[in-house]
Amino acid sequence: MAELSMARPTQCHLWQNENVRPEDLRDALQVIETWTDESHLSKHLCRCKGCGQLYVDVWYELIDWDDGDDQTQTLYIPVASEAQIALVKDALPPPLSLDLLGFHPRITELWRDGARKFAWIGKT
Ligand SMILES: [Zn+2]
């Protein structure tokens with residue numbers, strides 16, 4: 001898995017907010033392009049309504065065959081160039097590849113066993 005440094009959107013209120021919450025993102029981001037919209041995977045290019053920062057929003061579901069309690073994860077990866085957009089757009093989601101988890105900083109929303117974890121990863 002390659003570690004890839006992406007944009008650091010220091011002007012964005014989502015970056016400045018130490019305790020960013022899911023509702024902050026839902027209100028702040030506007031989908032401008034849909035690349036994938038399937039039952040276990042969606043991928044969009046979004047723009048912050050406040051500052052114009054572009055984020056790639058990736059949602060995927062990991063199917064847990066043992067007990068049927070599926071785990072879903074959403075990533076919001078800030079991007080600043082066509083090249084960065086293309087990298088994230090082409091990266092396959094887990095379990096096919098761990099490439100997406102090499103992009104940082106990013107916001108990660110993880111649902112597992114009914115509990116939600118939501119945080120910036122690799123911000124500092
Ligand atoms: Zn912003």
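Two strands are said to pair if DSSP finds at least two bridges between them. With that definition in place, I should like to present this structure, which is a predicted model.

I begin with the sheet. In this model, 6 strands form an open sheet, and their order is β2-β3-β4-β5-β7-β8. The pairing is antiparallel. At the edges lie β2, residues 29-37, and β8, residues 115-121, and each of these pairs on one side only. On average, neighbouring strands of the sheet are turned by 15° against each other, with direction ignored.

Let us look at one pair of strands in detail. Strand β3 covers residues 41-48 and pairs with β2 in the antiparallel sense, over 7 bridges. Which residue in β3 is the bridge partner of D37? The partner is S42.

A helix also belongs to this part of the picture. Helix α3, residues 82-90, packs on the sheet. Helix α3 touches β2, β3, β4 (54-62) and β5 (71-79). The direction of α3 makes about 165° with that of β5.

I turn next to the metal site. Which residues coordinate the zinc ion? The zinc ion is coordinated by the SG atoms of C12, C48 and C51, at 2.2 to 2.3 Å. Along the chain, these donors follow the spacing C-x35-C-x2-C. Is C48 buried or exposed? Its relative accessible area is 1%, and because buried means under 20%, C48 is buried. C51, by contrast, has a relative accessibility of 33% and therefore counts as partly exposed.

My third topic is the salt bridges. How many salt bridges does the count come to? The count comes to 4.

Consider K123 and E18, whose side chains meet in a salt bridge at 3.8 Å, N to O. This pair links distant parts of the chain, 105 residues apart. K123 is in the segment after β8, whereas E18 is in the loop between α1 (13-16) and α2 (22-28). The two residues also fall into separate classes of accessibility: K123, at 15%, counts as buried, and E18, at 64%, counts as exposed.

A second salt bridge joins R116 and E109, with the closest N and O atoms 3.6 Å apart. Here R116 is partly exposed, with a relative accessible area of 40%, while E109 counts as buried at 8%.

A third salt bridge is formed by R21 with E23, where the closest N and O atoms are 3.7 Å apart. R21 counts as partly exposed at 43% relative accessibility, and E23 is partly exposed at 34%. R21 and E23 are also linked with D24 in a network of salt bridges.

Finally, I return to K123. What is K123 in contact with, leaving aside its neighbours within four places in sequence? The contacts are R8, W15, N17, E18 and P105. E18, the salt-bridge partner of K123, is thus among these contacts. For P95, the separation can be given in two ways: K123 and P95 are 28 residues apart in sequence and 24 Å apart in space, C-alpha to C-alpha.

To review, I have described an open sheet of 6 strands with antiparallel pairing, a zinc ion coordinated by C12, C48 and C51, and a salt bridge between K123 and E18 that links distant parts of the chain. Thank you for your attention.

Notes. Residues numbered from 1 in each chain as written. Predicted model: local features only at pLDDT ≥ 70, side-chain atom pairs only at ≥ 80, totals over all residues. Heavy atoms only, no water. Donors = N, O, S within 2.8 Å, 3.2 Å for Na, K, Ca; no water. Buried < 20%, exposed > 50% of the residue type's maximum accessible area, 1.4 Å probe, protein only. Helix = DSSP H or I, 4+ residues; strand = E, 2+ residues; numbered from the N terminus. Axes fitted to C-alpha atoms, helices over the stretch in contact; angles between N-to-C directions. Contact = heavy atoms within 4.5 Å.
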